[in-house]
Amino acid sequence: MRPLIIDVKDLEFRWQPGAPTVLSIDAFQVSAGECLFIKGPSGSGKSTLLSLLSGVTTAVAGSVRVMDQALEGLGSVQRDHFRADHIGYIFQMFNLIPYLSVVENVMLPCQFSTRRRANALRRGDGLEAEARRLLHHLDMDHADLHRRAVTTLSVGQQQRVAAARALMGAPELLIADEPTSSLDADRRESFIRLLFDECRGAGTTLIFVSHDASLEPLFDRSIDLAEINRAARVAEAA
Amino acid sequence: MAIFSLAWKSLINRRFTALLTVLSIALSVTLLVGVERLRTEARASFANTLSGTDLIVGARSGPVQLLLYSVFRIGDATNNFSWQSYRDIAAMPKVAWTVPISLGDSHRGFRVLGTTPGYFEHYRYARDRQLVIAEGQPFADLYDAVLGAEVAEKLGYRIGDPIVVAHGASDVSFARHDDKPFKVIGILARTGTPVDRTVHVSLEAIEAIHVDWQSGAPIRGLSISAEQARAMDLTPKAITAALVGLKSKIATFHVQRAVNDYAEEPLSAILPGVALSQLWDLIGIAENALLIVSVFVVVVGLIGMLTALLMSLNERRREMAILRSVGARPGHVFALIMGEAGVLTLLGALFGVGLLYLLLLVGQPIVESRFGLFIEIGVLSAHEWKLLATVVGAGFLVGVIPSYRAYRLSLADGLSVRV
């Protein structure tokens, strides 16, 4: 059995004391190197779970361990450092900083994490070369694209640049929050396959969240958040 | 450092609004430092309306009053003082030179000043600058007159033109010395001081035009022609004031006391520099108002920056979330906006000073010829550096507001953007 990269136990979360519980998970585990699909319809506590896993917020009760580190035991600055070092993140859309070039966007994580900077330098001849390598792997290797303003890229191209950025410096965990929902159907699968290839190559664990169940068969394993989140069931029953 | 390169790139991306903000700060800085420079120079120039003269002596009165009539030709002397007293002062061992001044007559609204050629030699203004005769020469003949630049310009006089002096400050026909007309022999270069508005004649000429006058009116039945007057003893009986130069400035207070304690006649001796700054304090309220206005313009400029930064924050919440997702702390977000405010303010101050020097270079000769105010284009003074530092400091302080707001937003938003 591979080591656990994520180990959630008896998790409770509410936004404010006295507010209704939005997330209540007894146990949730992910092994290192896994490609996990989390089915999360809106209102299932999806964004809250991702906030907790990426260390933006902490649990009210219970524990969220990522790479054997209990996130609730870290201060907010330490959690930001932890995220910078170990987690790549892809949003649903508008992933790119508009005033940076494609390559600068990809190199961005190395500005906030010396660890990922060191990783990237170990892999290639310089940060920019590594960024270009990743873009090339994600079918974004037109020299011309790197110079273009990111706002002129198509949505699919933007998502691939975002993926390259999330993978820059080989973080252990990649969290993708509905990264394909703005892509058309045939592009979705090719995007996911590129993501798989890169994650497997780098040994990165992928957590892919979507409400689109048709993507489910592509993954190693799938979890329905609505099923493991007791708070959602309570809310539905009420 | 990385965060400042981000701030810079972000500003370049929004260069149009950034440039407008920089421009508004730059203009306000130009105004503020410019007003301050003008104020300092105007004050210095005013304090030097009369320089090189150590004491002004007149009949007993207050320093400002004596200054007003002897230097600015405003108002009249309460009393003249005797030629004998003048001779006594001139004979004091510590006195290097004296220039007598006799006032009381006018020409078409401009005051007539009777003096000696020493006036042109010893009168100094604006940091030791000497009077320069632009056209013609100093008076040689009894009925020669040397005009100030403004007199010549306003009345359109040229060398050789005849002028008639009127008795007193008003110009009514029955009180004219029209039997003894003067001839314009010289015109002075512009000085920006009351000298420009003065008609200079010799002290003897003042005496000559008054030989057949008594108590402000011609003596009935007595008429002495201009030529007859030449043959008479034209030593004045009294003068209005005297400019006194000392051999050493250390003796100033000693001589001042000696004049004030002069037993034969009640006299006053004043230090022109001190009296000038007293007078400036009286009229300096306007310059303070100007400074206050320019301070407010700077405040408006900085508020413009505040508005621009705050307005941009909402549309940049996505950007903040992206930065957070790649590992930026809320502190980084704070530093990013702070960096932008800092760059805007610093560029504004830099361009503002640049613009000021450009204006000074272009405007200096114009201001000098039009107003006689010589503005020095030197390096920034310590005071001006302080002003700039205050503006930049205020800019950073104002920058804290949007930075803190961005910090709070990014803390609350985390990786999601709830708009």
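1. In this predicted model, strand β1 of chain A, residues 4-13, is joined to β2(A) by 8 bridges, and the two strands run antiparallel. One position in this pairing can be named: A:Glu12 of strand β1 has A:Ser24 in β2(A) as its bridge partner.

2. The pair β1 and β2 belongs to an open sheet of chain A that has 4 strands, arranged in the order β2-β1-β4-β5 with antiparallel pairing. Its edges are formed by β2 (23-31) and β5 (69-70) of chain A, each of which pairs on one side only. As general background, the strands of a sheet pair through backbone hydrogen bonds, in either a parallel or an antiparallel manner.

3. Chain A meets chain B through 22 residues, which are in contact with 16 residues of chain B. On the side of chain A that touches chain B, the elements giving two or more residues are α1 (46-53), α2 (76-86) and α4 (109-112) of chain A. Helix α2(A) provides the largest share of this side, namely 4 residues. Sorted by class, the side of chain A that touches chain B comprises 12 nonpolar, 7 polar and 3 charged residues.

4. Helix α2(A) merits a further remark. Its buried residues are A:Arg79, A:Asp80, A:Arg83, A:Ala84 and A:His86. Among what covers these buried residues of α2(A) are β6 (87-90), α4 and β7 (173-177), which belong to chain A. Helix α4 of chain A thus appears in two settings: it gives two or more residues to the side that touches chain B, and it is included in the cover of the buried residues of α2(A).

5. The largest nonpolar core has 102 residues, and the members that touch the most other members are A:Val106 and A:Ala164. The largest share of this core, 11 residues, is contributed by helix α13 of chain B, residues 330-371.

6. Which residues are in contact with A:Val106, leaving aside its neighbours within four places in sequence? They are A:Ala131, A:Leu134, A:Leu135, A:Val161, A:Ala164, A:Arg165 and A:Met168. A:Ala164, which appears in this list, is also named with A:Val106 as touching the most other members of the largest core.

7. A second core, separate from the largest one, has 63 residues, including B:Ala149, B:Ile185, B:Ala229 and B:Leu267.

8. Chain B is assigned two domains: domain 1 consists of 2-46 + 284-413, and domain 2 of 55-270. The C-alpha centres of domain 1 and domain 2 of chain B are 52 Å apart.

Methods
Residues are numbered from 1 along each chain as its sequence is written. Chains are lettered from A and ligands numbered from 1 in the order in which they are written. This is a predicted model: local features need pLDDT of at least 70, side-chain atom pairs count only at pLDDT 80 or more; totals for chains, interfaces and linings use all residues. Two strands pair if DSSP finds at least two bridges between them. Domain bounds come from an automatic or database domain assignment. Two residues are in contact if their C-beta atoms, placed from the backbone, lie within 7 Å. Ala, Val, Leu, Ile, Met, Phe, Trp, Tyr, Cys and Pro count as nonpolar, Asp, Glu, Lys and Arg as charged, and the others, Gly among them, as polar. A residue is buried if 20 or more other C-beta atoms lie within 10 Å of its own, exposed if 12 or fewer, and partly exposed in between; C-beta atoms are placed from the backbone. A nonpolar core is a set of buried Ala, Val, Leu, Ile, Met, Phe, Trp, Tyr and Cys residues joined through C-beta atoms within 7 Å.
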